[in-house]
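Work through the exercises below with the sequence and the model side by side, trying each task before reading its solution.

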Amino acid sequence: MARNPKHDILFEPISFGPKTMRNRFWQSAHCTGYGVEKPGTQAYFRAMKAEGGWAAICTEACSIHPEADEYPWDLARLWDEGDVINLGKMCDEVHKHGTLAGVQLTYNGLHSPGLESREIPRAPTSLPSNVFSDRNVYAAEASHDDIKRFIEMYCLAAERAVRAGFDYVEVSGGDSCLPMQFLETRYNHRTDKYGGSLENRSRFYIELMTALKQRVGDEVAVTTRFETDTINGDHRIQHHEDGLGFVELMAKEGVVDLWALKIGDYEEWGEDAGSSRFRKTNWMRPFVKDVKAIVGKDIPVVSNGRFTSPDDMVEAINSGQCDIIGAARPSIADPFLPNKISEGRTDEIRECIGCNMCVSRMQQQALLYCTQNATAGEEYRRSWHPEKFDKVKEPSEILVVGAGPAGMECAIVMAKRGHNVHLREADSELGGHWKDVARFPRCSEYGRVITYRQTQLNMLKNVEVHLGVGKMSADDVLEYGADKVVIATGAHWSTQGMGAESHRTIPGADASKPNVLTPEQIMAGKKIPGKKVVVLDGDGHFTGISMAELAVDLGKEVTLITNHADIVQFTQFTMEMANNKRMMNEKGIKHRVNYWADSYEDNQLNLFYTYRDTSDLFDLGDDKWGRKMSDTTEPMECDALIIVTSRVSNDSLYRELVERKSEWEEEDIEGIYQTGDCYVPRHLMNAIWDGHRMGREIDSPHPQYPLPYIRERQIWGHETYPKLGDERPKVEVD
Ligand code: SF4
């Protein structure tokens, strides 16, 4: 198909410094956990986006020196020539597609825990880190010699970047890193020429950019990613004061080839990676829209905003907000987003849903994966391509029972591989339990999980989709005539209060009663009786808080109770926790943490403190030792109890089929497998991945068990592995 002419501006080349981008799609620096320790994963993950049309691809934050050690967060590093080799592979692969490769040079000052290197970070002022306030992380105050040394560290890292093959070096001026620590009065208490006035606080950042421009500016572009507003009120950076004031000062120096913009700070970088539950497309516009007018027409500006619609992108450029569309999450969810726009296939874009599960991986010091794009991070180690599939020589007839996210994903992948797929769903619509989730308060963008797959299914001629067929029995499955069967019947919330706290059901918490409710029942229309409502949340992600918000919006008095140490605890990883708490505070949702339910009867919930037993161990008599156990409970008035305690697989069909395994051969069935929540209930990201993997590996010897993947790690004794007593690297900075 031809591109819609109104999107042509997105494909106009644009120059910055000595480099030219082939279009306006810029993959902003974003963390992956691949760093330099997994160079193959890093290279092929980034290169997939280059193949998909992104014209500039940046690493994650890249530490410039062992002083800037963020371990166990696996950032990129440019500490030595080994890092040059490993990141050089990324540059080579990205360049094959005519895309520019960038590296984001980072020194986090007082937010560098140094857990690997044990080197002491320095900062404008010796202060404890507020990001790691519970980890005893401090920085030393930088002398004037130290400040010169900082600049030399950046310059040496930039020279390594040039040797690796990068086309631009981006100085991170976000996430409260060193340049921002000089700029912000919160961190900079100096009284010398680097502290006090805005001019003085800007001095380090300007000296740094000037030095980089002089050292490497002829070979590569020198850019910065600057946070214009920390969203913390008037004691921090505000765009209309120090934010734009700094841009004016820096712009006069003419040492920045391109400005990429962001907001927020390190402590709450979820304001930059705003989740769809709290921030809609282009939410940053009010904070960044005035930069372009300051820096002038010849210096490009990049603006992010979780853009997935080309019309929104065009509007951002035509309005003067920016010249280039920056994206992290949309590029993860669909590496081929630019090409799909270019080819007029916008309905095939796999839109990011803003769930921030990718972010959650970074926050757990894990590897980046994506809810929508099961192939993210699997390009190298499993050779998965998001748009290409190994074709089978002999198609099988495959029955998939259940058209939730995992069943749909599995059916799509198997059909793209050439199998004939029969997708049967009891309900009259696609989506399984995710249909309900997309109707939770704030969760409407989650519906893209279904609509994307619905479009794909509509395009595939070799998938029959049968909706509203009712629940299939074991007889139905066995007699269907399929060669292989995948059971994807999902999971449900426990109707008896089973949860991780006790691994027992809760007496009286029985969802067959009118005043005990599960999320599914509420979304199906079961009324929440009375005034005082308790949400018992053992899940800690978005479901419990969604039920609390739904109930409070109905005029109920709501208390959220959790056994976790904090409310909505998983959302610390998706960077939504702070805004969840703000919302609860605004709406008057009360909470208690470290409590769980002992029983529920006659509108009285009996709670217990999860640490009610003694800390000391005692001789309990009869040769027994242990804690003195308590059975103390606290009564709480509760008209209705919403139980979000744990999920239970809908696996009865699969179990019955396993019991009748002897009949499979008679019916010419090669195998019956489980996928998604029906196998084990986990986050949607994992259910979709499981369905995808099953689809890719349905022809393997045992599809229920994943095939091995390539592990990247150093091998002891290999010729490249350092030996005891080897000479240590030379000091590069005096
Ligand atoms: Fe978007 Fe969620 Fe994928 Fe992250 S994990 S890129 S937020 S769909």
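**Exercise 1.** Find how many bridges join strand 17 to strand 30, and place the pair in its sheet.

*Solution.* Strand 17 (residues 484-487) runs parallel to strand 30, and four bridges join the two; strands are DSSP runs of E with at least two residues, numbered from the N terminus, and two of them pair if DSSP finds at least two bridges between them. One of these contacts to look up is Val 485, whose bridge partner in strand 30 is Ile 672. Widening the view, five strands form an open sheet with parallel pairing, in the order 16-15-14-17-30. Its edge strands, strand 16 (463-466) and strand 30 (671-674), each pair on one side only.

The model is predicted, with local features needing pLDDT of at least 70 and side-chain atom pairs counting only at pLDDT 80 or more, while totals for chains, interfaces and linings use all residues. Residues are numbered from 1 along each chain as its sequence is written, and side-chain values use heavy atoms, leaving out hydrogens and water.

**Exercise 2.** Which residues of helix 20 are buried, and which are exposed on the other side?

*Solution.* Begin with the buried residues (under 20% relative accessible area, with exposed meaning over 50% and partly exposed in between, for a 1.4 Å probe and protein chains only), which in helix 20 are Leu 653, Tyr 654 and Leu 657. Because they cover an arc of only 100 degrees around the axis, they lie on the same side of helix 20, the arc being that of the directions from the helix axis to the C-beta atoms. On the other side, Ser 652, Arg 655 and Glu 659 are exposed. Finally, what covers the buried residues includes strand 14, strand 17 and strand 30.

Conventions
Contact means heavy atoms within 4.5 Å.
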